[in-house]
Amino acid sequence: MPGIQFTQEDIISATELPAGWYPVVAKSITEGAGKKDPTSTTWSCIFVITGGEFKGREVMHWFSSKMMKNAIRYMKCFGVQPKVGESYPIEETVNRPLEAYCIWDIDNLNNVIKDFKPAGR
């Protein structure tokens, strides 16, 4: 019986990031229906760490129309001052630098982003 094999991506994704602030950019942002709640809109994001020991590491994150406070904190990093009823093109934040607070989620065994702040703060 053959043994189990792992790719470099498998090994990297299973490696715990130390909790802390990391310089990141959004590599992609995709809008769609929520997986668990198709009545919600989600924005699935892939963030890439842009500096330091973990440069190049990807961290998945998503925003939900049912929990807009996270998206508000994210958009404020780019100078947006949200107003009721206004539309803000989140896809225009791709490749724009900011910082993300990452931790290891012991329940799901992956790295997650808990907060955002403007780059350099």
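Two strands count as paired here if DSSP finds at least two bridges between them; the legends below apply that rule to a predicted model.

**View 1. The whole chain, with its two helices and five strands.**
Read along the sequence of this predicted model, the protein chain follows the pattern α-β-β-β-α-β-β. Along its principal axes, the C-alpha trace spans about 60 × 35 × 25 Å.

**View 2. The open sheet of five strands.**
The strands of this sheet are arranged in the order 3-2-1-4-5, and their pairing is antiparallel. Strand 3 (58-64) and strand 5 (110-118) form the edges, each of them pairing on one side only. On average, and with direction ignored, neighbouring strands of the sheet are turned by 45° against each other. In general, strands of a sheet pair through backbone hydrogen bonds, either parallel or antiparallel.

**View 3. Strand 4 beside strand 5.**
Strand 4, which covers residues 98-105, runs antiparallel to strand 5, and eight bridges join the two. A reader who wishes to follow the pairing residue by residue may start from E99, which stands opposite K117 in strand 5.

**View 4. Helix 2 against the sheet.**
Helix 2 (residues 68-76) packs on the sheet and touches strand 1 (20-33), strand 2 (41-49), strand 3, strand 4 and strand 5. The direction of helix 2 makes about 120° with that of strand 3.

**View 5. Strand 2 between its two partners, strand 1 and strand 3.**
Strand 1 and strand 2 pair in the antiparallel sense over nine bridges, and within this pairing S28 has I46 in strand 2 as its bridge partner. Strand 2 and strand 3 are likewise antiparallel, with seven bridges between them, and here F47 stands opposite V59 in strand 3.

**View 6. A salt bridge between K27 and E58.**
A search of the whole structure finds four salt bridges, one of which is formed where the side chains of K27 and E58 meet, at 2.5 Å from N to O. K27 lies in strand 1 and E58 in strand 3, so the pair ties together parts that are 31 residues apart in sequence.

**View 7. The largest pocket and its lining.**
The largest pocket has a volume of about 1300 Å³. It is lined by 38 residues, of which M60, H61, W62, N110 and V112 are the closest to its centre. Helix 1 (8-13), strand 1, strand 2, strand 3, helix 2, strand 4 and strand 5 each supply at least two residues of this lining. By residue class, the lining of the largest pocket divides into twelve nonpolar, 14 polar and twelve charged residues.

**View 8. The second largest pocket and its lining.**
The volume of the second largest pocket is about 320 Å³, and of the 15 residues that line this pocket, M68, A71, M75, E86 and Y88 are the closest to its centre. Helix 2 provides the largest share of the lining, with four residues. The lining of the second largest pocket divides into ten nonpolar residues, one polar residue and four charged residues.

Technical notes. Residues numbered from 1 in each chain as written. Predicted model: local features only at pLDDT ≥ 70, side-chain atom pairs only at ≥ 80, totals over all residues. Heavy atoms only, no water. Axes fitted to C-alpha atoms, helices over the stretch in contact; angles between N-to-C directions. Contact = heavy atoms within 4.5 Å. 1 Å grid on protein atoms, 1.4 Å probe; cavity = no way out; pocket = protein on both sides within 12 Å on 5 of 7 lines; lining within 4 Å. Points joined across faces, edges and corners; volume = space filled by probe spheres on them. Nonpolar A, V, L, I, M, F, W, Y, C, P; charged D, E, K, R; others polar.
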